[in-house]
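These are my notebook entries on a structure I examined by element, core and charged pair. I record below what I looked up, in the order in which I looked.

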Amino acid sequence: GTTPGGTAPASKFVDMAGYEWANTAVNTLANMGVIDGRTETMFVPAGSVTRAEFTKMVCAAMALPQRENATQKFDDVPNTHWAFGWISIAAELGIVEGYTDTEFKPDQTINREQMAAILYRAINAAKNMGRLPNGSPAYFADYAQISDYAKTAIDRLSAAGVINGVTDTTFVPKATANRAQAASILYQYFKAIGVV
């Protein structure tokens, strides 16, 4: 289909029914090499996003190189883990932190406030914060439920139109994020800095 101002890339994924709102984001990011399907033709939009997956997505979005030869920092991310190189560069740049000094929990599902904080730190690391538009932070009735470490990120990213609430007035910080939502947030980041 077409969108105002251009043609949406053709979908290579056959499982986007019910997630049509994310089609443009998913296809654009797949074409840019920022995200992959779980298979060639299945994106699995409802699938939960793990900490390793989102780390890889933000590093790819910021064009950060993998650190394949890094020293193993986290005991639960051996250098045989598929995301080892991405987690290494992200940890080195302060984009991600472990739960402890030695534990990253790469396969644990990421929640919305973790996603916001990681994206915010990645934008900082890529020195792109100044390219984001300045608006007013969104009002969220559940703001008190947002962990302190994520508040600045959510304020800045909501002000720039990169992240939205689950509803008009709630952010639902502890909710897990699915793959369609993660794609949508990264697409909105590229939109905010004028790349797409």
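Entry 1, helix α5. I looked up which residues of α5 are buried in this predicted model. I noted Ala150, Lys151, Ala153, Ile154, Arg156, Leu157, Ser158 and Ala159. The buried residues of α5 pack against α4. I then checked the length of the helix: at 1.5 Å a residue, its twelve residues should span 16 Å, and the end C-alpha atoms lie 17 Å apart, so the two values agree. After α5 comes Gly161, with a positive phi near 80°.

Entry 2, nonpolar core. I asked which residues touch the most other members of the largest nonpolar core. Of its 64 residues, these are Phe54, Leu119, Leu132, Leu157 and Val162. Two or more residues each come from α1, α2 (51-61), α3 (84-92), α4 (112-125), α5 (148-159) and α6. The largest share, nine residues, belongs to α6. In soluble globular proteins, nonpolar side chains tend to be buried together. I listed the contacts of Val162 beyond four places in sequence: Leu119, Leu132, Leu157, Ile185, Gln188, Tyr189 and Ala192.

Entry 3, Met62. I located Met62 in the loop between α2 and α3. Is Met62 buried or exposed? Its relative accessibility is 10%, so Met62 counts as buried, the cut-off being under 20%. Leaving aside neighbours within four places in sequence, Met62 is in contact with Leu119, Ala122, Ile123, Ala126 and Tyr189. I also took the C-alpha distance from Met62 to Phe190, which is 9.9 Å across a sequence separation of 128 residues.

Entry 4, helix α1. I found Ala25, Val26, Asn27, Thr28, Leu29 and Ala30 buried in α1. The cover over the buried residues of α1 includes α6. Met32 belongs to this helix, residues 23-32, and is partly exposed at 37% relative accessibility. Met32 forms a nonpolar surface patch with Val195 and Val196, with about 220 Å² of accessible area together. Just after α1, Gly33 has a positive phi of about 80°.

Entry 5, salt bridges. I searched the whole structure and obtained six salt bridges. In one of them, Glu53 pairs with Arg179, with the closest N and O atoms 3.8 Å apart. This pair links distant parts of the chain, from Glu53 in α2 to Arg179 in α6, 126 residues apart. Both Glu53 and Arg179 are buried. Arg179 has a relative accessible area of 3%, and its contacts beyond four places in sequence include Asp36, Phe43, Pro45, Val49 and Met57.

I next recorded Arg67 and Glu92, whose side chains meet at 2.9 Å, N to O. Arg67 lies in the loop between α2 and α3 and Glu92 in α3, 25 residues apart. Arg67 is partly exposed at 31%, as is Glu92 at 48%.

The pair of Glu113 and Lys174 has its closest N and O atoms 2.8 Å apart. Glu113 is in α4 and Lys174 in the loop between α5 and α6, with their positions 61 residues apart in sequence. Glu113 is buried at 3% relative accessible area, whereas Lys174 is partly exposed at 46%. Finally, I noted that salt bridges sharing partners join Arg38, Glu53 and Arg179 into one network.

Technical notes: Residues are numbered from 1 along each chain as its sequence is written. This is a predicted model: local features need pLDDT of at least 70, side-chain atom pairs count only at pLDDT 80 or more; totals for chains, interfaces and linings use all residues. Side-chain values use heavy atoms; hydrogens and water are left out. Buried means under 20% relative accessible area, exposed over 50%, partly exposed in between (1.4 Å probe, protein chains only). Contact means heavy atoms within 4.5 Å. Patches are made of residues with over 30% relative accessible area and no salt bridge: like charges are joined within 9 Å, nonpolar side chains (Val, Leu, Ile, Met, Phe, Trp, Tyr) within 5 Å. Accessible areas come from the Shrake-Rupley method with a 1.4 Å probe; for residues, only the protein chains shown count as cover. A salt bridge is a side-chain nitrogen of Lys or Arg within 4 Å of a carboxyl oxygen of Asp or Glu. A nonpolar core is a set of buried Ala, Val, Leu, Ile, Met, Phe, Trp, Tyr and Cys residues joined through side-chain atoms within 4.5 Å. The expected span of a helix is 1.5 Å times one less than its number of residues.
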